[in-house]
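Work through the exercises below with the model open. Each task is followed by a stepwise solution.

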Amino acid sequence: MLPDKPAHFNGTPTLMMIRGLIVFLVVVVGCLPARRTQDAGQASQYLYVWAADPDSSDSDFLAVIDADSASDRYGEVLTAAPVGFSAGAHHTEHVMPEGGRLFVNGFRSGRSWVINLADPLNPFAEAAFEGVGPYTYPHSFERTPSGTVLATFQNRGEGNELPGGLVELDSLGNLIRASDAADATDAELRPYSLAISPELDRVVSTTSDMRPVHQGRSIQVWRLSNLDLLHTVMLPPGSRGDEHLHPAEPRFLADGRTLVVGTFNCGIYLVQDVDSNEPRVEHIYTLPRDTGSDEECSLPVRYGQYWVQTVDNTNSIVVLDLADPGQPVMVDELRFDDQAIPHWISLEPFGNRIVLTGSGTLSGLVMMLRIDAGTGELSIINEFGTAEPWPGVNMNRESWPHGSSGPAVPHGAVFSRR
């Protein structure tokens, strides 16, 4: 039997009931987990895509693609900036920095450029550099809090005989200062990529040979304020025995203190106490890979508590939940066909979209994905571009805004800041 209704209830909500309902809703909404959502104010308007000429007969260039889903030209190439050289376009900075200048790398040639994107529809190569002092073959770039650029240079001198160093550059690629990476702890190291923690006054770099000849297996810890090399720390093998080889991309978690490192051999490592005399490194996860190949995992991005990783061997992108950094949990895997090799990914600065380039059946495509902030689930944005078999912008074309240079191979790609 239902209880009697209160004496004041007559089928019409009272003011007291309405106020109570409002308070209840406010409390419930306030207890829900925070989500990063993308609205018109957060969405990036452009994608900047660094592309190579496959037969080296024409210049590499930076393409500007409309990334505004409300635009009539959404998914179209709006303009392009050739650099006047076929360099084998490789990496860009991982996130578009403030100030409108983007560093891009043509590792095969040893050249890098600074592309001025202050006016996104009129980009141009503002500066170029190769060796800086004794250091050659620059690879990865990260911004310091003051706006300078820290770069890993693979080598010292010509060829691949000696390890390079960590180099600080101004916004046009001119030398400010530099430090050698050579350390007997890991005789085969070659500086590869890096991450910065201003809170700790530390830089952590990884050691993989781009050729590849040498088997790096360490990370290096530097003092950010003066580039002193403090530690070279060997990664321990995981359960498979080879996960520690070819350390690739380091990313600090949201606390600015805890570091995660992925290796090309599909190991995931947790690095703690980076600012101590004895940084601690622990193998925490192994992604699947074919043991007959040396390099089967590529680039990651960190989105909140999620580690998003391209995995060549499974033709997929894997999402790990790092809410407990020591106990990663796979929460999603976006699979492509068995000939697809996802490689480069970069996260929208203030949104939840991810740009993807790769090879195999992904060759020549610039795709866009979305990640759910609450679950980590990935989805393909089908409305971006008209390519097949996978939706995206097709760069296998003859004509470009700068001329008829034929198909291009996209590699590094980043979203504009707005």
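**Exercise 1.** In this predicted model, find which residues Ile-354 is in contact with, leaving aside its neighbours within four places in sequence.

*Solution.* Start with the valines: Val-301 and Val-308 are in contact with Ile-354. Next come Ile-345, Ser-346 and Leu-347. Then add Met-367, Met-368, Leu-369 and Ile-371. Leu-378 and Phe-415 complete the list.

**Exercise 2.** Place Ile-354 in the largest nonpolar core, and name the strand that gives this core its largest share.

*Solution.* The largest nonpolar core has 46 residues. Ile-354 is among those that touch the most other members, along with Leu-47, Val-308, Phe-336, Val-366, Phe-384 and Met-395. Strand β25, residues 365-371, supplies the largest share of this core, six residues. A second core is separate and has 17 residues, including Tyr-46, Val-83, Ala-89 and Val-414.

**Exercise 3.** Locate the disulfide and determine whether it is right-handed or left-handed.

*Solution.* The structure holds one disulfide. Cys-266 and Cys-297 form it, with an S to S distance of 2.0 Å. The torsion about their S-S bond is about 105°, so the disulfide is right-handed. Now place the two ends. Cys-266 sits in the loop between β16 (259-263) and β17 (267-272), and Cys-297 is in strand β19 (residues 297-303). The two are 31 residues apart, so the pair links distant parts of the chain. Both Cys-266 and Cys-297 are buried.

**Exercise 4.** Classify Pro-120 as buried or exposed, then list what it touches.

*Solution.* Pro-120 lies in the loop between β5 (111-116) and β6 (124-129). Its relative accessibility is 19%, so Pro-120 counts as buried; the cut-off is under 20%. Not counting residues up to four places away in sequence, Pro-120 touches Tyr-46, Tyr-48, Val-64 and Thr-79. Take Tyr-48: it is 72 residues from Pro-120 along the chain, yet their C-alpha atoms are separated by 8.9 Å.

**Exercise 5.** Do likewise for Ser-86: buried or exposed?

*Solution.* Ser-86 is in the loop between β3 (77-82) and β4 (101-106). At a relative accessible area of 17%, Ser-86 is buried. Leaving aside neighbours within four places in sequence, its contacts are Asp-53, Ser-56, Asp-58, Ser-59, Asp-60 and Arg-108.

**Exercise 6.** Decide over which residues the pLDDT is below 50.

*Solution.* The protein averages a pLDDT of 90, and 89% of the residues score at least 70. Over residues 1-40, the pLDDT is below 50. That stretch has 19 contacts in the model beyond near neighbours in sequence. Where pLDDT is low, predicted coordinates should not be read in detail.

Key. Residues are numbered from 1 along each chain as its sequence is written. This is a predicted model: local features need pLDDT of at least 70, side-chain atom pairs count only at pLDDT 80 or more; totals for chains, interfaces and linings use all residues. Side-chain values use heavy atoms; hydrogens and water are left out. A disulfide is a pair of cysteine sulfur atoms within 2.5 Å. Helices (H or I, at least four residues) and strands (E, at least two) are DSSP runs, numbered from the N terminus. Buried means under 20% relative accessible area, exposed over 50%, partly exposed in between (1.4 Å probe, protein chains only). Contact means heavy atoms within 4.5 Å. pLDDT is the predictor's confidence in each residue, from 0 to 100. A nonpolar core is a set of buried Ala, Val, Leu, Ile, Met, Phe, Trp, Tyr and Cys residues joined through side-chain atoms within 4.5 Å.
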